Amino acid sequence: MGCFGYFIVMLVLLHGLRPDYTPVDHMISDYAVGRLGWVMTTAFVALAVGCLTLGLGMAVAGPKSLPGRAAVLLLWVATLGVLVTAIFPTDLETAATTTTGNIHTASFLVNVTSLILCALLFAVGFHQSEDWRGYRWVGSAMAIVVLGAFIAQFLTLHRGAPYGLTNRLLVAVLMIWFLATARQLRRVSIQRQGSIAPNA
């Protein structure tokens, strides 16, 4: 939760520090290019660590069904993908296309696809796990919202469209999903520890 919080704070801060990158026609990855680019890079690294640790936690206390296990693997795929995103900055829309930028774009597609499938698979897994049944409807609703935000992003990925705004919408929805799922993971872990302690 701390890693996701750091990502959110740094991203919000960059909106004030880089007013030349207008939200309408700049993706959040653009903040990693130019002045103060290192701030966005550290935010991506924090996001990767957040995905890794959330995946570890869900592997231990998350749904044990096949969809839940597959979702954990997708979280780790996203971990590697976000690290690639941090290492290879994007190309600005007005700049020439580079290999680095192409790698960044590919990692973006991998990350988004992995996380959407992850949210959907976890939603199925929550329904199949007794420990997570109290979260099943919230998890399902948020997975649908994440999918909707992705569709909005996909439909605006062309010049002249407000792709920067839909990019921020998608990121905001994903951050809410990350934080809510991590919070529920903590609750489930505490409940399990409480049920084990009297028998220890």
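Three salt bridges are counted in this predicted model, where such a bridge requires a side-chain nitrogen of Lys or Arg within 4 Å of a carboxyl oxygen of Asp or Glu. The bridges are set out below with the separation of their nitrogen and oxygen atoms.

| Basic residue | Acidic residue | N to O distance |
|---|---|---|
| Arg18 | Asp20 | 2.6 Å |
| Arg159 | Glu93 | 2.9 Å |
| Arg192 | Asp131 | 2.7 Å |

**The salt bridges and their surroundings**

In the bridge between the side chains of Arg18 and Asp20, the two partners are covered to unlike degrees by the protein. Arg18 has a relative accessible area of 5% and is therefore buried, since buried means under 20%. Asp20, with a relative accessible area of 42%, is partly exposed.

The bridge between Glu93 and Arg159, with its closest N and O atoms 2.9 Å apart, links distant parts of the chain, for Glu93 belongs to the loop between H3 and H4 while Arg159 belongs to the loop between H5 and H6, and 66 residues separate the two. Glu93 is partly exposed at 39% relative accessibility, whereas Arg159 reaches 67% and so counts as exposed, the limit for that class being over 50%. Arg159 can also be placed relative to His104: these two residues are 55 residues apart along the chain, and their C-alpha atoms are separated by 18 Å. The loop that holds Arg159 leads to helix H6, which spans residues 163-196.

In the remaining bridge, Asp131 and Arg192 bring their closest N and O atoms to 2.7 Å. Asp131 is located in the loop between H4 and H5 and Arg192 in helix H6, so this pair ties together parts of the chain that are 61 residues apart in sequence. Asp131, at 35% relative accessibility, is classed as partly exposed, and Arg192, with a relative accessible area of 23%, is likewise partly exposed.

**How the helices pack**

Two packed helices are described by the angle between their axes and the distance between the axes. Both quantities are available for several pairs in this model.

Helix H1, residues 2-17, and helix H2, residues 37-61, have axes that come within 8 Å and cross at roughly 155 degrees. Because angles over 145 degrees count as roughly antiparallel, H1 and H2 are placed in that class, and their crossing is left-handed. The loop between H1 and H2 contains Leu36, a residue other than glycine whose phi is nevertheless positive, near 65 degrees. With a relative accessible area of 24%, Leu36 is partly exposed.

Helix H3, residues 66-87, packs against H4 at an angle of about 160 degrees, and the axes of the two helices are 8 Å apart. H3 and H4 are therefore also roughly antiparallel to each other, and H3 passes H4 in a left-handed crossing. The loop between H3 and H4 is the one that holds Glu93, the partner of Arg159.

For H4 and H5, the axes come within 8 Å and cross at roughly 155 degrees. That angle makes H4 roughly antiparallel to H5, and the crossing of H4 past H5 is left-handed. Asp131, which bridges to Arg192, lies in the loop between H4 and H5.

**A nonpolar patch on the surface**

Helices H4 and H5 also come together in the description of the surface. A nonpolar patch of about 620 Å² is formed there by Leu117, Leu120, Leu147, Ile151, Phe154, Leu155 and Leu157. The elements that contribute two or more residues to this patch are helix H4, which covers residues 99-128, and helix H5, which covers residues 136-155. H5 supplies the largest share, namely four residues.

One of the patch residues, Leu155, is located in helix H5. Leu155 has a relative accessible area of 58% and is therefore exposed, a class that requires over 50%. Arg159, found in the loop between H5 and H6, is likewise exposed, at 67% relative accessibility.

Key
Residues are numbered from 1 along each chain as its sequence is written. This is a predicted model: local features need pLDDT of at least 70, side-chain atom pairs count only at pLDDT 80 or more; totals for chains, interfaces and linings use all residues. Side-chain values use heavy atoms; hydrogens and water are left out. Patches are made of residues with over 30% relative accessible area and no salt bridge: like charges are joined within 9 Å, nonpolar side chains (Val, Leu, Ile, Met, Phe, Trp, Tyr) within 5 Å. Accessible areas come from the Shrake-Rupley method with a 1.4 Å probe; for residues, only the protein chains shown count as cover. Buried means under 20% relative accessible area, exposed over 50%, partly exposed in between (1.4 Å probe, protein chains only). Axes are lines fitted to C-alpha atoms, for helices over the stretch in contact, and angles run from 0 to 180 degrees between N-to-C directions. Angles under 35 degrees count as roughly parallel, over 145 as roughly antiparallel, 65 to 115 as roughly perpendicular and the rest as oblique. A crossing is left-handed if the near helix is turned anticlockwise from the far one by less than a right angle, and right-handed if clockwise.
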